[in-house]
Number of protein chains: 2
Amino acid sequence: MLTIGKLGDAAGVKVPTIRYYEQIGLLPEAERSSGNQRLYGRKAMERLAFIRHARDLGFTLEAIRDLLSLSDRPDQSCAAADAIARAQLVEVERRLARLTALKAELERMVVQCAGGKIADCRVIEVLGDHSLCATDHRHPETEPTP
Amino acid sequence: MLTIGKLGDAAGVKVPTIRYYEQIGLLPEAERSSGNQRLYGRKAMERLAFIRHARDLGFTLEAIRDLLSLSDRPDQSCAAADAIARAQLVEVERRLARLTALKAELERMVVQCAGGKIADCRVIEVLGDHSLCATDHRHPETEPTP
DNA sequence: CTTGAAGCTATAGTTGCTAGAGACATTAGG
DNA sequence: CCTAATGTCTCTAGCAACTATAGCTTCAAG
């Protein structure tokens, strides 16, 4: 049995994050030691690794919740799991397309900046006037900041 | 002079968002009508368009705050503005690289899914075991969900 | 046996908004 | 001119997915 710290080290997840996952019901309530400390076995370890990996692949906690409950029913069809993964793929492709456009625009901006005064700065100028942009990167839903 | 709704329509920004920007000091406090409603002129419009455009390009509000204060000092060097834009470019490239790896991995997952039972589902299996992955998409800081 | 690390709970903060409640302002139609 | 429908006001709370802090208790090593 592992303490929460060992489990966190093993799975590459921070301790408060594990407690958070338990709190929102993504991990079951852990066993406790005589001194009220959480103790984890192999199953909890696997479940946490699953969550971690899915998070690394950009799945939301909601999607992970669904995937976990699917993986608890091994004899069901995997169509639902497949659909979740495909939706995630579509989402990733959408973000990729958007980021590619942003990259092009940012490159244009910094390349054109001659390094003079703010008054002539291409960066500031372009930001103030979208019509100076080559691509239409407008309106698409918010690009989140990490 | 525009009311907040007209300004929002003109700039493509929702009304509560404008009030939020004012609240956090990104927009100056607006003039008020006799009936206490916010009124905006051309300058506010331009400033909001600048913010909107920078947000579209993925700049954080903090970065935008800096860019705005730079643009208020037209005779200064634009090195700082350039640095912010370059940092944003680097960040976008980093995310792009990461998303590209995720896309590859997700594609592998869904292609390999034979559409049978959960017990044999490649999606579930891969999520449970990172060593089944082709690329190392681990540890990099959280990919945020929009 | 003591000390320091690791654990516990509970609460609040982060980013960039969005949603709701309940009250006042403005405007279009009849 | 009155009413109804919008629009706007303030304030508070909520979203994701954690992270940080405070003030404890417990555990393991020396």
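Here is a walk through this predicted model, from the DNA surface to the nonpolar core. Residues are numbered from 1 along each chain as its sequence is written, and chains are lettered from A, with ligands numbered from 1, in the order in which they are written. Local features need pLDDT of at least 70 and side-chain atom pairs pLDDT 80 or more, while totals for chains, interfaces and linings use all residues; side-chain values rest on heavy atoms, without hydrogens or water.

Let us start with the annotation. An unreviewed UniProt entry places "domain: HTH merR-type" at residues 1–70 of chain A; UniProt positions follow the numbering used here, feature names are shortened, and annotations may be inferred rather than shown by experiment. This span is 60% helix and 10% strand, and its end C-alpha atoms are 26 Å apart. Helices (H or I, at least four residues) and strands (E, at least two) are DSSP runs, numbered from the N terminus.

Now turn to DNA strand C. There are 20 residues around this strand, and those that come nearest are A:Gly5, A:Arg19, A:Arg38, B:Tyr21 and B:Arg55. Sugar and phosphate make up 90% of the strand's atoms that come within 4 Å of the protein; a residue counts as near a molecule or strand if one of its heavy atoms lies within 4 Å of it. By class, the surface near DNA strand C holds four nonpolar, 11 polar and five charged residues. In this scheme Ala, Val, Leu, Ile, Met, Phe, Trp, Tyr, Cys and Pro are nonpolar, Asp, Glu, Lys and Arg are charged, and the others, Gly among them, are polar.

Which elements build that surface? Helix H1 (4–11) of chain A and helix H2 (15–23) of chain B each supply at least two residues, and H2(B) gives the largest share, three residues.

Look next at the phosphate oxygens of DNA strand C. One is 2.7 Å from a backbone N or O atom of A:Arg38, and a side-chain N or O atom of A:Arg32 lies 3.0 Å from a phosphate oxygen. On chain B, a polar backbone atom of B:Leu61 is 3.5 Å from a phosphate oxygen of the strand.

B:Arg55, one of the residues nearest the strand, sits in helix H3 (residues 42–56) of chain B. Its relative accessibility is 18%, so B:Arg55 counts as buried; buried means under 20% relative accessible area, exposed over 50%, and partly exposed in between (1.4 Å probe, protein chains only).

A:Asn36 is worth a glance too. This residue lies in the loop between strand E2 (31–32) and strand E3 (38–40) of chain A, and its phi is positive, near 70°, although the residue is not glycine. A:Asn36 counts as exposed because its relative accessibility is 52%. In chain B, B:Asn36 has a positive phi of about 75° and counts as exposed at 51% relative accessibility.

Finally, head for the interior. Nonpolar side chains tend to be buried together in soluble globular proteins. Here the largest nonpolar core has 85 residues, and A:Phe59, A:Met109, A:Leu127, B:Phe59, B:Met109 and B:Leu127 touch the most other members. A nonpolar core is a set of buried Ala, Val, Leu, Ile, Met, Phe, Trp, Tyr and Cys residues joined through side-chain atoms within 4.5 Å. Setting aside neighbours within four places in sequence, A:Met109 is in contact (heavy atoms within 4.5 Å) with partners including A:Leu127, B:Leu57, B:Phe59 and B:Ala85.

How values were computed
Polar contact = N/O pair within 3.5 Å; in protein donor to acceptor, adjacent residues only side chain to side chain.
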